Amino acid sequence: MSEHKIVTGNYSSAYGARLARAEVVSAYPITPQTSVVEKIAEFVADGKMDTEYVKVESEHSAMAGCIAASTAGARTYTATSAHGLALMHEMLMWAARARLPIVMTNVNRAMGPPWSVWADHLDTIAQKGTGWLQFFCENNQEVLDSILMAYKICEDEDIMLPGMIVEDAFILSHTREPVEIYDQEKVDEFLPSYDPDVKLDIENPAGFGSLVMPDWYMDFAKKLEEAMEGAKGKIKEVNKEFEETFGRDPGGLIEEYKTDGVDVLVITMGSISGTSKDVIDELRDEGHNIGLARLRTLRPFPKEEIRELTKNVNVVGILDRSYSFGAAGDAAREIKEALYGHNSPIVKNYIVGLGGRDLTPEILKKIFLDTLELQDKELDQEVEWVDLRIDRKKWRG
Amino acid sequence: MANIPEKELMNSGHNACPGCGAAHAMRYMLKALGKNTTVNIPACCWAVIPGVYPSRNLDVPLLYTAFETTGVSSSGIRAALDAKGIDADINVVGFAGDGGTADIGIQALSGAVERGTDTIQVMYDNEAYMNTGIQRSGSTPQGAWTTTTPVGSEKAWKKQPKKDMMEIMESHNIPYAATVNIAYPDLFIEKFKKAAEIRGPKFIHIYAPCPTGWRAKPNKSIELGELAFKSRVFPLYEIEHGVYNVYKEPKEDEVIPVKEYLKPQGRFRHLPKEEVDMIQKNVDRYWKRLKKKEKFTKEELYQED
């Protein structure tokens, strides 16, 4: 029987890894991810999780350990955050290029200096080109659901790519919410055990990752991109199967919230989406024709869906919880790129909540009203940093 | 030599330089360990020696991995084998050069040994970053020329002594550590077989001459190995649960001065007599200390246990 527990996003991650029957966990602690690895240690110590837990000496080794174990045919899991993810960078590329279906939770956190342990998407976004699928979660249930989904998607023989489940620091990682912990048998039916045909095997010795000449390398890279492209269809397919099995829709590639026939669309990612939906309701009650789309997968990037959603929209407001220095927010940049040559709504990028700065319903409402106003006036600035200390009056007054 | 298995797991067609000590090292190691062996190799000469895709000259499963990850890669493979319940007696080997062991790989190695991973971690020591073109490593000996310790007008050869990986491993309470020399293949194989019988982490330090980087003649690699042994530059010893054992040592009348070891190698050509004398002194001190450690650990330290 499934049971409902009131758990943090981090515990939800740990339950996800346990329900997925991860065979090898290779992990290193970092704030605010620590309660994921502690909970898994507790599961293992209590005999509730049958896993080989490799307690490594760095995040770089955490990912390298997953890579070795996955190459040897095991289902592997790890979790990290911010500086840990950055330290893994080399091995993230290795995991993707080796086509290993490793699943990892990344608790989004700001990069130092100055030291900050609070929510910020730059750590994850800086890894968007490494070849990992990236699922940005809105709530703790989705964290668990996405882990189960990710294994099924990533282990598909046509995909064979690693997947990153992204939960916002503290807002999800340390906040308790009701989460349905599914029945193990039902999960086992949805997600059968992992047994790849090609692996490190003394009966069938093969080499993994050898030197290739330029006449091969590029074709391997194209194969990876084909798998990433194929993952779009696979995510939708598995999302449907997940909904049929567990009665819950985790959101596919992009979640649409009251988008039918809207004039103005706002696009969000991660935990701010829940509050934003409430604000959208309020604005609609006040007579504004506005809807919300939640970008769930930054990779693969759902450009076709974005084009479809914005076909008849006049203004798009895009909220980025990170900033790519010298340019703009990354979601905004990618969305604009998807629109080029297709639709041309007015687009404004809002930089919000860096380093865990609070996003209240009041601030979100001001942002969305600003977006609505762009129907009738000139675009004042392409990118606006919201709620900086110097203009608190504007946003909090 | 009667104990050397005939079965070859390293086939012809490798990419090693003529006279490569590391090529001998892999060949003898696989003869000792047999086919129930996985090997993981970081960036090093051996990342290139097995061949370029799709060729491969080793008949064992091979995981190429990043430079600094050899130790943890062994942990990961072992964890997967354990998780899958594969109970065949498989040797999980991490096979790294001196840079991949003593420098960039030391953290992951330390972690794997501290965790007690059942693995054989190998340092094939050619005493510099040879795959990238002879740059100094922490394992380059005192006095050596390399491309990053060029002699020049300022006498900028390497001034620091070699990092002592055997002692670093001993400080981890490793169950077994041994030095081996490709010039003595029977003992080389014996020590690998012994390591395979011990559970937990094992460390093997291989003396692997590099004629290219040492500026020596390719047909003199084995002779260099003998000179390293006879001059006591590279002592052959093992440490089993803290007990030191110098398992082969030159007889008193066999011992040669260090300068005879340095002489055939162009990398030491520039050294003035005082520097050679200092190296001799350091070699003598190391030997003396090693013999005392052997006596102390064999005869005194653990006697009451």
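Entry 1, strand pairing between the chains. I looked up strand 9 of chain A, residues 207–208, and found that two bridges join it to strand 2 of chain B, the two strands running parallel. I noted that A:Gly207 stands opposite B:Leu62, a residue of strand 2 of chain B. I record here that the model is a predicted one.

Entry 2, contact between the chains. I then turned to the wider contact and found 38 residues of chain B touching 38 residues of chain A. On the chain B side, I listed the elements that give two or more residues: strand 1 (37–41), strand 2 (62–64), helix 2 (70–83) and helix 4 (106–114). Helix 2 of chain B gives the most to this side, with ten residues. Sorted by class, the side of chain B that touches chain A holds 20 nonpolar, eleven polar and seven charged residues.

Entry 3, domains of chain A. I looked up the division of chain A and found domain 1 at 3–246 and domain 2 at 254–396. Taken over C-alpha atoms, the centres of these two domains of chain A are 28 Å apart. Their contact draws 29 residues from domain 1 and 20 residues from domain 2 of chain A.

Entry 4, the domain 1 side. I asked which elements of chain A each supply at least two residues to the side of domain 1 that touches domain 2. They are helix 5 (122–125), strand 6 (133–136), strand 7 (163–168) and helix 8 (214–246). Helix 8 of chain A has the largest share of this side, five residues. By class, I recorded 18 nonpolar, five polar and six charged residues on the side of domain 1 of chain A that touches domain 2.

Terms used
Residues numbered from 1 in each chain as written. Chains lettered and ligands numbered in written order. Predicted model: local features only at pLDDT ≥ 70, side-chain atom pairs only at ≥ 80, totals over all residues. Domains from an automatic or database assignment. Contact = placed C-beta atoms within 7 Å. Nonpolar A, V, L, I, M, F, W, Y, C, P; charged D, E, K, R; others polar. Pairing = 2+ DSSP bridges.
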